[in-house]
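Biologist: I would like a close look at how the helices of this chain pack against one another, and at a few residues that sit around them. Please take it slowly and give me one connected account.

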Amino acid sequence: MDELRANIHAWSRRARLQHSISLTFFGLACGLGIALLIALASRVFPLLDTATLIGLSIALAAIGLVIAFAYPWLRHARTSPIAWARIFDQQFGLQERTSTALEISEGNLAVKNDLIRNIQRRDAGHVVESVDVHKLMPLRFSRRDAVVALIFLIALLVALLLPNPQQQVLAERERLRQTIAQQIEQLEQAKQLIEGSSLSDAQKQAAIQALDEARRKLEDPNISPEEALAAINEAQSQLDALNDPTAQQRAEDLRQAGQSLSPDELTNSLANALANEDFDRAANEMRNLTNASETGQPLSEEELQRAANQLDQLARSVQNSDPELAQRLREAAQNMREGNTQAAQQQLNQAAQSLERAQQSGEASQALDDAQTKAEAARQAIAQQASQNQIQGRNQTSANAQGGAQGRQPGQQGQAQSAGEGEAGNQSATGSMSSMGSGSTSESRKSDDFGSDNTVYAPRRIGSDGRPVVLPDAQSQAAPDPSGRASTAPGGGSSVPYEQVYGDYSRAADEALQSGQVPPEMRDYVRDYFSSLDPNQGNR
């Protein structure tokens, strides 16, 4: 019986190996089929690049092979020898000889006659010896599965080797993703500047929350360039709201006041501190002004008059930016002229406190400005990368269109026309992204400029200088004057009509307005700006 069990065990290994080999190409075909579907989908949608698809295809094919080969072994891992004997009795036509012999030996069948048991055992042994397992269980692949796997492999290779129309989109996304990842570090640096500043706790919390929200949005892997720019614009708007609009003007007035203050031994130290914007030191000098005599004694009447005149000059310099400080300085000057040094000292102490607050406001404003600089650098980098992606996409489209035009209508004229359209598309893409990226508008150039140099003003942000975009063949013909006034046009022709340029910019602005990228308080300015540039305005 041990020999019978050994044979059954060997047959079971052979059966599982036969099943594994027969399923090999089936598993390979499944893996290649799934890879082919993903590759075809990646040609319709920007899902995966070619390098990733190649690696994924190899992995799927290997997984299919492993699963197909391991399946029979896992399925029959717990199959008993008696169950295998029943399988082989049916498969080889052994008329249940081996399974009966094993049942008797296991005691599952009650056979008390030893003669019958021995006869059954010998009969099963003779039958096992007569079985040619290599002939009855050949190790063969499935030809049908092999053909299907080969077809899938050829189709997959074609899908991977042919140029993928979505490859350019994926490359642009990757470049934009890398740019955004770099600019997230800029926002982190801005956050560190805010944390180490002299802002109040409430201001710090608001500024950090704005930067954290922008960073959270930028970390979204599916974020679009417009959404990224809108997120940074929103953070910048919140930082702008925290900044004291009078702090910079106050600091500038104090600095100029220190520079313009008349030279005097009594106030030279104060003037130097103000000129260097060291308002803490200026506050100490202000407190000690009544004891600033050259002899170290209290100020004489003549020295009090000189000091009062200097304070009046300082008050006039800061009247517009800090009326409270100016009032304290005038009151201190009046008390000095009246000889009331004690009252003057009280006013000077209050003026010194105003200078200390100016120091704190200046430091807080500087921290917010530095954070704004980091955020603006991040915004410009993302806008520039997005603009380059659009230009490259237009170039690719133009090149494809030019190649098709050459095939259908060979000739230099068709090539020149296609190239001109591609260049116009590049300029439109640059202007469009600049308009959409800034989330705001700025003042336009005067209408006479359009009639003189044919330039388009494309500011990036309110208060910035912007940059002129010179149209091709600008010397040939002046664009229409939006004001409707006649202008003298030199000879020649512009390669890009003014109406087309205006249309591109106007559509970009409309999209930005509809998508909420432009702050509500600036939307009327954007509409008025583009309405003033409308070439059809004079005909209405």
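Modeller: A residue is called buried here when its relative accessible area is under 20%, exposed when that area is over 50%, and partly exposed in between. By that rule, buried residues make up 41% of the 540 residues in the protein chain; the model is a predicted one, and what follows should be read with that in mind. The secondary structure of the chain comes to 20 helices and 2 strands. Among the contacts that join residues at least 6 apart in sequence, 69% link residues at least 24 apart.

The part to look at closely is helix 11, with the two helices that pack on it. Helix 11 covers residues 247-260 and helix 12 covers residues 268-275, and their axes come within 7 Å and cross at roughly 140°. Angles over 145 degrees count as roughly antiparallel, and those that fall outside the parallel, antiparallel and perpendicular ranges count as oblique, so helix 11 and helix 12 are oblique to each other. Their crossing is left-handed. On the side of helix 11 the contact is made by Leu 254, Arg 255, Gly 258 and Gln 259, and on the side of helix 12 by Ala 271, Leu 274 and Ala 275. Sorted by class, the residues of this contact are 4 nonpolar, 2 polar and 1 charged.

Helix 11 also packs with helix 14 (residues 301-318), at an angle of about 145° and with the axes 9 Å apart. The crossing of helix 11 and helix 14 is right-handed. Helix 11 contributes Asp 253, Leu 254, Ala 257 and Ser 260 to this contact, while helix 14 contributes Gln 313, Leu 314, Ser 317 and Val 318. By class, the contact of helix 11 with helix 14 has 4 nonpolar, 3 polar and 1 charged residues. Leu 254 thus appears in the contact with helix 12 and again in the contact with helix 14.

Following the chain past helix 12, one comes to Glu 277, which is found in the loop between helix 12 and helix 13 (279-287). The phi angle of Glu 277 is near 60°, a positive value in a residue other than glycine. Glu 277 has a relative accessible area of 37% and is therefore partly exposed.

For another pair of packed helices, turn to helix 8 (167-195) and helix 9 (residues 201-218), which pack at an angle of about 170° with their axes 10 Å apart. Helix 8 and helix 9 are therefore roughly antiparallel to each other. From helix 8 the contact takes in Ile 180, Ile 184, Leu 187, Glu 188, Ala 190, Lys 191, Ile 194 and Glu 195, and from helix 9 it takes in Lys 204, Ala 207, Ile 208, Leu 211, Asp 212, Ala 214, Arg 215 and Leu 218. These residues divide into 10 nonpolar, no polar and 6 charged.

Just ahead of helix 8 is Gln 166, placed in the loop between helix 7 (143-161) and helix 8. Gln 166 counts as buried because its relative accessibility is 14%. Leaving aside neighbours within four places in sequence, Gln 166 is in contact with Ser 42, Arg 43, Val 44, Phe 45 and Pro 46.

Helix 1 (residues 2-44) holds Ile 21, which counts as buried at 16% relative accessibility. Apart from residues up to four places away in sequence, Ile 21 touches Leu 139, Arg 140 and Phe 141. The C-alpha atoms of Ile 21 and Leu 139 are separated by 6.7 Å, although the two residues are 118 residues apart along the chain.

Two further residues complete the account. Asn 335 lies in helix 15 (residues 323-337) and is buried, with a relative accessible area of 13%. Not counting residues up to four places away in sequence, Asn 335 touches Asn 340, Ala 343, Ala 344 and Gln 347, and its C-alpha atom is separated by 8.9 Å from that of Gln 345, which is 10 residues away along the chain. Ser 354, found in helix 16 (residues 341-408), counts as buried at 4% relative accessibility, and a polar contact of 3.0 Å joins its side chain to that of Arg 357.

Methods: Residues are numbered from 1 along each chain as its sequence is written. This is a predicted model: local features need pLDDT of at least 70, side-chain atom pairs count only at pLDDT 80 or more; totals for chains, interfaces and linings use all residues. Side-chain values use heavy atoms; hydrogens and water are left out. Axes are lines fitted to C-alpha atoms, for helices over the stretch in contact, and angles run from 0 to 180 degrees between N-to-C directions. Helices (H or I, at least four residues) and strands (E, at least two) are DSSP runs, numbered from the N terminus. Angles under 35 degrees count as roughly parallel, over 145 as roughly antiparallel, 65 to 115 as roughly perpendicular and the rest as oblique. A crossing is left-handed if the near helix is turned anticlockwise from the far one by less than a right angle, and right-handed if clockwise. Contact means heavy atoms within 4.5 Å. Ala, Val, Leu, Ile, Met, Phe, Trp, Tyr, Cys and Pro count as nonpolar, Asp, Glu, Lys and Arg as charged, and the others, Gly among them, as polar. Buried means under 20% relative accessible area, exposed over 50%, partly exposed in between (1.4 Å probe, protein chains only). A polar contact is a pair of N or O atoms within 3.5 Å; within protein, one must be able to donate a hydrogen and the other to accept it, and residues adjacent in sequence count only if both atoms are side-chain atoms.
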